[in-house]
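User: I have a model open and want to learn how to read it. Can you take me through a helix and then the domains?

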Amino acid sequence: MSTKRHLMGMNDVDRADIERILETAAGFEDVVERDVKKVPTLRGRTVVNLFYESSTRTSSSFELAAKRLSADVVSVKSSGSSVDKGESLKDTIRTLNAYKPNIIVIRHPHIGAAQLTARWSDAHVVNAGDGKHQHPTQALLDLYTIKKRLGRLDDVKVAIVGDILHSRVARSDIEAFQMMGLDVTLIGPPALIPPGIVEATGVKVSDDPEAMSEADVIYVLRMQHERMEPGQNYLPSLREYARVWGVNARRVRPGQVVMHPGPMNRGVEIAPDVADSGVSLVENQVEAGLVVRMAVLYDLMTRPSIGTVIDIRERTGEWGAA
Amino acid sequence: MTRLEQRESDAVNVLVQGARLFDPVEGLDVTADLLIQDGKIVQIGDKIAAPIGTRVLKGAGKTLLPGLVDPHVHLRVPGQEYKEDCASGSAAAAAGGYTTILSMPNTDPVIDSGATLEAALDRAKEGAVIQVGFVAAISVGRAGESLTEMRDLADRGAAGFTDDGSPVESARLMRRALQYVRPLNLPLALHEEEPSLTHGGHMHEGAVSATLGLGGWPGIAETLMVARDIRLAEQEGARIHLQHISVRTSIEEIARGRERGVRVSSEASPHHLVLTDRAVMSLDSNFKMNPPLASEDDRQALIEGLKTGVIDCIATDHAPHAIHEKEVPFEAAAFGVTGLETALPILLEELVAPDLVPLETIIRAMTEGPCNAFDLERPALRVGATANLALWDLDARWIVGDRPFRSKSANSCFLGDTVRGICLVTIANGRLAHDELEVLA
């Protein structure tokens, strides 16, 4: 059983952990602004980035974060690897674990893949997105971005808009935002708001796009049409979605800022006149992603106090007891 | 006539001395001796002398129960013997105090022809330590398109018909099956699920699925099909048996159907009676089954339904899977959990010991209920009956996983849980099927 600390989801951290990570991230800002953008903090350490889903932002930002800290980085993508030959997750993890990495960063289309990675490896594990479940570093960088722009987190009103059902970003953000005292409202078409989310989290929910006007931050989610199977009919059409819930310049009132985890579907959930304007914090989020991920890697390696020791079989013994 | 098969062995001569004999259907709850000669119960009374050649079992502090009957087991025969086979599955059943089980036809190939049915029964005759029967498919290949040759299958001993693992999606096919099966007076055992609502679902839809992001499976998907099939059975005058009922609204439909006189029996599984969707928070794939674990309110309704008799059978839906089919992320894992070896022990611990359900109700639902639903001979502690019984230490507590499983698979949703009751000896159809006394001594 692994006794390492991991970052699987937002329930692995508390308010103090988040505050410390955000502070560390702020400290890394001057590293990334220097001519020589590197510190020796993780020299001699190995970070494996294992990506089973396509990614631009998250994979590049984890890779760069590890390199800025002088770690040795191995990036494995499922396409072009033995995964294409049908290798199981377990065998892939065991194989990579043989290199004795200090940290494994994993993105996977299945919920719980990070937990299994922790079970099958000796490394600290960072969940870079598991299915529709969690994406904790996104939530941390979102908090960092909001704090940097608005100067506070407490009582900031956030409207998370769109495809909540398929969004791991929304699940991590809801937890992180509530933990840090932000006020969260979910807005979107009824079929894309998960049944039970109010009971589970206590958030406010609205299907009225006008509810966005109350928010300090409009957090726009990507319409995840690749996760929507034909025939599900969550929506009549993307055109109708854009017309009713799409965030455009007419909808954004002065003082509001707009965030989006990327990649954007321009003209669907977000109009170009917003995406390219000064109210958009999308590029600030990308910048924050680098320093926040540096802070997470640093924190896991040097102050192993975030995260909980996890063993999903704790209650139920070992696999295949016979 | 339903054919039950078992490996040949000698009928036993056994005297159980001074055990509590508990068979609520027979109105029996006494401490006495029970004598079995040549596999038949010949005497119940005090201080019975053991005839020569009779094994004596000391029963003090122990309880003799009628053999349990499970109408819903996946022995994986034919074709998936890497998960389970007749020998391992029946040994698991015997270790759980069962003396008769019915196996499902979602096999490879599907049991949808007389030849496949006979081949499966032959496997049972070679390997099963208790009595094993098979339920044949409703539709060819379980594809939901054309009816199997139900008359032929009935003639060769099918216990009933089911497309278990899948619903009969087409209302027309269901109606035709009910019409065709009615003169045979065999039950259709129905897996109730509206597939357009469960597509992409991995767990019960609710607060837990919302938290985890797992595809939700709304409880109404079961209830819609329950309501449809009760109405169809009512119209066609046929018998139906509703498998693994899991939500409150389904129980309400069954109760209404019963009031109108519809011939409907129904089962609940030990895991649905004991666990809820909260367990899935662990993302342990041993909590993934079809139908999924539902809400606490649904669980309470199942317990209530068991007590009022709306649920008249407890069935394990024993669904063994190999390690590599479960040792994957939750969404990629196979549906199903084992259950034969833990059924009565988990119910004793979770429902009987805390006085939520009387032992009598549990035993009735594990003997009388399934036997009525499938016209099987009921195991009984009665002079003249064939010995189908098991000697239990009902107070012994143990941790699931600490004792080896007889099943080939270990995908139990109760691994690590403390349960109550060890089955020491099982005699099925007068034959010794399970014997743990030697080991303990």
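Analyst: Start where a helix ends. This is a predicted model. In it, α6(A) is followed by G181(A), which has a positive phi, near 85 degrees.

User: Where does α6 of chain A run, and how far does it reach from its first C-alpha to its last?

Analyst: Set the end-to-end reach against the expected span. α6 of chain A covers residues 168–179, 12 residues in total. The reach is 17 Å, close to the 16 Å expected at 1.5 Å a residue.

User: How many of the residues of α6(A) are buried?

Analyst: Count neighbours around each residue. A residue is buried if 20 or more other C-beta atoms lie within 10 Å of its own. For α6(A), 10 of 12 residues pass, so the helix is mostly covered. Among them are the charged R168(A), R171(A), D173(A) and E175(A).

User: What do these buried residues pack against?

Analyst: Look for contacts with other elements. The buried residues of α6(A) pack against strands β4, β5, β6 and β8 of chain A, and against helices α5 and α7.

User: Now the domains. Which stretches of chain A belong to each?

Analyst: Check whether a domain is one segment or several. Domain 1 of chain A joins 10–135 with 285–302, while domain 2 spans 138–282. Their centres, taken over C-alpha atoms, are 25 Å apart.

User: How many residues of the two domains are in contact?

Analyst: Count each side separately. 21 residues of domain 1 of chain A touch 24 of domain 2. On the domain 1 side, α1, β4 and α10 of chain A each supply at least two residues. By class, that side has 8 nonpolar, 9 polar and 4 charged residues.

How values were computed: Residues are numbered from 1 along each chain as its sequence is written. Chains are lettered from A and ligands numbered from 1 in the order in which they are written. This is a predicted model: local features need pLDDT of at least 70, side-chain atom pairs count only at pLDDT 80 or more; totals for chains, interfaces and linings use all residues. Domain bounds come from an automatic or database domain assignment. Two residues are in contact if their C-beta atoms, placed from the backbone, lie within 7 Å. Helices (H or I, at least four residues) and strands (E, at least two) are DSSP runs, numbered from the N terminus. The expected span of a helix is 1.5 Å times one less than its number of residues.
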